[in-house]
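Me: I have a structure open on my screen and would like a close look at one part of it. Could you walk me through how the helices pack there, and then set that part in its surroundings?

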Amino acid sequence: MAQKKFVVGCFDDEAVLFPAVKQVRAAGYKIKDVYTPFAVHGLDHALGMRETSLHTAGFIYGITGTTTAISCISWIFTKDWPLNIGGKPHFALPAWIPIIFELTVLFAAVGMVLTFCYLCQLAPGVKKHRFHNRATDDLFVMVIECSDKTNTDDLKALLSSNGALETDVQIAEDGWWFGTYDNDNDNLYNNKQLA
Amino acid sequence: MHLKYESQLREPLVYGNKTYAQVTEDIVRPIEAKPSRLWYIGFFIAVTLLMFGAYSVYREVTYGIGQWNLNKTIGWGWDITNFVWWVGIGHAGTLISAVLLLFRQGWRTGVNRAAEAMTIFAVMCAGQFPIFHMGRVWMAFFVMPYPNSRGPLWVNFNSPLLWDVFAISTYFTVSLLFWYSGLIPDFATVRDRAFTKLRKKLYGIASFGWTGSTKHWQRHESLSLVLAGLSTPLVLSVHTIVSFDFATSVIPGWHTTIFPPYFVAGAIFSGFAMVQSLLIIVRKVFGLEDYITIGHIDLMNKVIVLTGSIVGIAYLTELFMGWYSQNKYEGYTFWYSRAYLFSPYGWSYWGMMACNVLSPQIFWSRKMRRNVFVTFFMSIIVNIGMWFERFVIIVTSLYRDYLPSSWSVYYSPTIWEIGFYVGTFGLFFTCFFLFAKYFPVIAVAEIKYVLKRSGESFKPGMEKIEAQELESFVHDQAHAH
């Protein structure tokens with residue numbers, strides 16, 4: 001939890017955004033993030049982000065489900081309480097395939113969603129700073145973190161010359177905190193200011 | 001550009017001159033506006049039906065299964081018919097959102113949200129029937145395998161009924177997760193343009209603090225794709241397992257290997273019909289004709305005629321096998337109990353044939369597929385037909401057992417059996433009315449994603465293309481890649 005200084009540039013067209021991302025990165029600035037109203041394909045590569053490994057996590061959760069199902073059912077039906085069902089074998093693997101499959105899917109899906117929420121820090125009651133209210137509507141909001149040496153005016157000029165409609169400087173919380181969106185004054189920075 | 005190329009000849013998915021802001025405005029506005037009088041009337045009716053259903057269930061729980069007209073051989077009557085019917089309806093949502101995502105069918109974006117909601121509500125309704133059919137519903141948790149003080153006595157993992165417990169609960173959970181993970185960004189959109197305190201607070205909680213960060217979108221895309229990949233075999237497995245409830249028994253009429261594909265096709269068939277009924281109302285009431293276009297209705301009708309014909313082939317195959325096997329019990333079930341019009345339940349078989357096989361053939365005509373009134377009427381007919389199908393399968397196979405001594409008297413439901421069914425309609429529509437009022441009924445972010453390659457205003461019109469010289473057309477298209 002820390003307040004940091006950010007320069008914000010808003011774009012209204014992804015066709016303008018992509019060259020701007022390139023220019024800003026070429027000028028040596030580190031783009032913290034670009035907030036977009038929908039998944040803009042290729043933007044993650046343009047920003048130099050690595051591929052997510054979420055699907056690998058999903059695979060691991062899936063096989064955890066498979067092994068859980070196989071081991072539980074076989075222990076129950078061969079060791080703990082072998083039921084005689086019409087003289088059929090106790091280890092009746094073909095009959096267990098439906099449940100093994102369902103548990104694989106269940107574990108993979110639940111595990112992946114929880115991991116996704118954890119990685120993105122999403123949960124009910126979590127609040128984060130919004131750099132622009134229209135970032136979930138129709139604007140692509142580029143946010144660049146400032147260091148001590150950053151000249152904000154230069155950076156704003158660079159953003160404007162690359163097609164940003166609005167630019168401004170914001171001091172904001174970097175992380176998340178518990179809060180609701182009906183009260184704009186509940187983040188730590190503003191509370192300090194008020195006190 | 002990084003946008004996917006789409007043929008200019010393809011019908012637009014979004015009509016009208018839209019911008020990103022306009023898309024948000026069109027879809028979120030109904031949430032912010034006061035509900036119409038029509039909404040209140042519909043909601044009131046739904047809640048009334050739900051209350052009637054609740055009373056019917058109360059009687060069943062208090063006095064026992066005797067409140068229903070089940071008898072010695074017909075142990076499964078309306079309740080399991082309704083269960084299979086609702087589960088079937090619950091298949092279109094995941095099919096649209098998952099299978100069509102894997103097949104890169106862009107048109108799913110207009111309809112997936114409402115279809116997934118429908119899936120979840122339909123599965124909720126379906127679940128009521130087997131649970132209350134247990135009789136002692138307060139012991140419903142006995143179906144779960146857990147260490148207990150009765151031995152421990154475990155559930156039977158070799159039983160299709162237990163497979164069903166796992167299949168339906170997994171299906172419900174995964175569909176819910178898929179639906180909600182798609183809703184998070186859209187809730188954030190509603191939150192960020194909200195002007196009342198309450199709305200900011202509630203949608204703020206519902207949106208989980210979503211910001212639209214590129215990294216989050218990247219993970220979100222990965223999550224959606226993997227969930228789609230998981231849901232595709234899942235949706236096929238669920239109705240396969242439901243069909244195993246019947247197919248693994250030794251009852252003539254149930255004991256057939258054709259059941260899994262036949263049930264899955266039937267489920268998609270009835271699910272798409274229900275999606276049509278609901279979306280035709282939704283697009284009219286909320287003025288969303290630009291997003292749920294006539295092209296969407298056309299495409300869904302194509303699915304209906306395809307799956308309806310698959311179901312038709314399955315009916316004919318069953319009849320053929322009833323004769324070809326030369327098994328007298330099979331022959332009796334298929335050729336007397338079902339296909340003979342004047343047998344006690346012959347009416348239900350021919351009702352099923354008329355609704356499911358004959359009437360959807362109208363959709364071979366493009367004009368009919370694109371007619372909203374015909375589509376709405378047909379969607380109701382198809383769902384009546386699919387209800388008949390489950391009734392036929394269950395009751396006509398059960399009412400005459402191997403021995404004439406166990407031939408049962410004519411089965412017809414009591415008012416409380418009907419009330420239970422009506423009550424699930426109440427539950428379904430209560431949920432759906434709330435969904436339509438408080439949730440974005442169309443996936444806002446996904447529409448924005450397809451807007452610039454499939455929106456009408458971003459594509460040259462057909463007239464322009466037709467007027468173009470062939471050579472310049474080829475030239476333009478070659479460069480569009």
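Reply: Happy to help; what follows is a walk through the helix packing in chain B, then the contact with chain A and the confidence scores.

Please keep in mind that this is a predicted model. As a whole, the model scores ipTM 0.92 and pTM 0.91. Chain B, where we will spend most of our time, has a mean pLDDT of 89, with 96% of its residues at 70 or more.

Let's begin with helix 9 of chain B, which covers residues 259-285. One of its partners is helix 5 of chain B, residues 108-133. The axes of helix 5 and helix 9 of chain B are 10 Å apart, and the packing angle is about 120°. That angle makes helix 5 of chain B oblique to helix 9 of chain B. The crossing of these two helices is right-handed. If you would like to find the contact on your screen, look on helix 5 for Val111(B), Ala114(B), Ala115(B) and Met118(B). They meet Met274(B), Val275(B), Leu278(B), Leu279(B) and Val282(B) of helix 9 of chain B. By class, this contact of helix 5 with helix 9 of chain B has nine nonpolar residues, no polar ones and no charged ones.

Helix 9 of chain B also packs with helix 10 of chain B, residues 294-324. Here the angle is about 150° and the axes are 8 Å apart. Helix 9 and helix 10 of chain B are therefore roughly antiparallel to each other. Their crossing is left-handed. On the helix 9 side, the contact includes Tyr262(B), Gly266(B), Phe269(B), Phe272(B) and Gln276(B). On the helix 10 side, the residues include Ile297(B), Met300(B), Ile304(B), Thr307(B) and Val311(B). The contact of helix 9 with helix 10 of chain B has 14 nonpolar and four polar residues, and no charged ones. Val275(B) takes part in this contact and also in the one with helix 5 of chain B.

Following helix 10 of chain B onward brings us to helix 12 of chain B, residues 346-358. The axes of helix 10 and helix 12 of chain B come within 8 Å and cross at roughly 140°. This pair is therefore oblique. Gly308(B), Val311(B), Gly312(B) and Tyr315(B) of helix 10 meet Met353(B), Asn356(B) and Val357(B) of helix 12 of chain B. The classes here are four nonpolar, three polar and no charged residues. Gly308(B) and Val311(B) belong to this contact as well as to the one with helix 9 of chain B.

Now for the surroundings. The contact between the chains takes 60 residues from chain A and 58 residues from chain B. On the chain A side, the elements giving two or more residues are strand 2 (31-35), helix 2 (43-46), helix 3 (54-80), helix 4 (93-120) and strand 3 (126-128). Helix 4 of chain A gives the most, with 18 residues. By class, the side of chain A that touches chain B has 41 nonpolar, 10 polar and nine charged residues.

Chain A itself is assigned domain 1 (3-51 + 124-194) and domain 2 (54-120). The C-alpha centres of these two domains of chain A lie 43 Å apart.

One last point concerns confidence in chain A, which averages a pLDDT of 87, with 93% of the residues scoring at least 70. Within chain A, confidence is highest in helix 4, at 95, and lowest in helix 6 (residues 188-194), at a mean of 45. Over residues 188-195 of chain A, the pLDDT is below 50. Where pLDDT is low, the predicted coordinates should not be read in detail.

Notes
Residues are numbered from 1 along each chain as its sequence is written. Chains are lettered from A and ligands numbered from 1 in the order in which they are written. This is a predicted model: local features need pLDDT of at least 70, side-chain atom pairs count only at pLDDT 80 or more; totals for chains, interfaces and linings use all residues. Two residues are in contact if their C-beta atoms, placed from the backbone, lie within 7 Å. Helices (H or I, at least four residues) and strands (E, at least two) are DSSP runs, numbered from the N terminus. Ala, Val, Leu, Ile, Met, Phe, Trp, Tyr, Cys and Pro count as nonpolar, Asp, Glu, Lys and Arg as charged, and the others, Gly among them, as polar. pLDDT is the predictor's confidence in each residue, from 0 to 100. Domain bounds come from an automatic or database domain assignment. Axes are lines fitted to C-alpha atoms, for helices over the stretch in contact, and angles run from 0 to 180 degrees between N-to-C directions. Angles under 35 degrees count as roughly parallel, over 145 as roughly antiparallel, 65 to 115 as roughly perpendicular and the rest as oblique. A crossing is left-handed if the near helix is turned anticlockwise from the far one by less than a right angle, and right-handed if clockwise.
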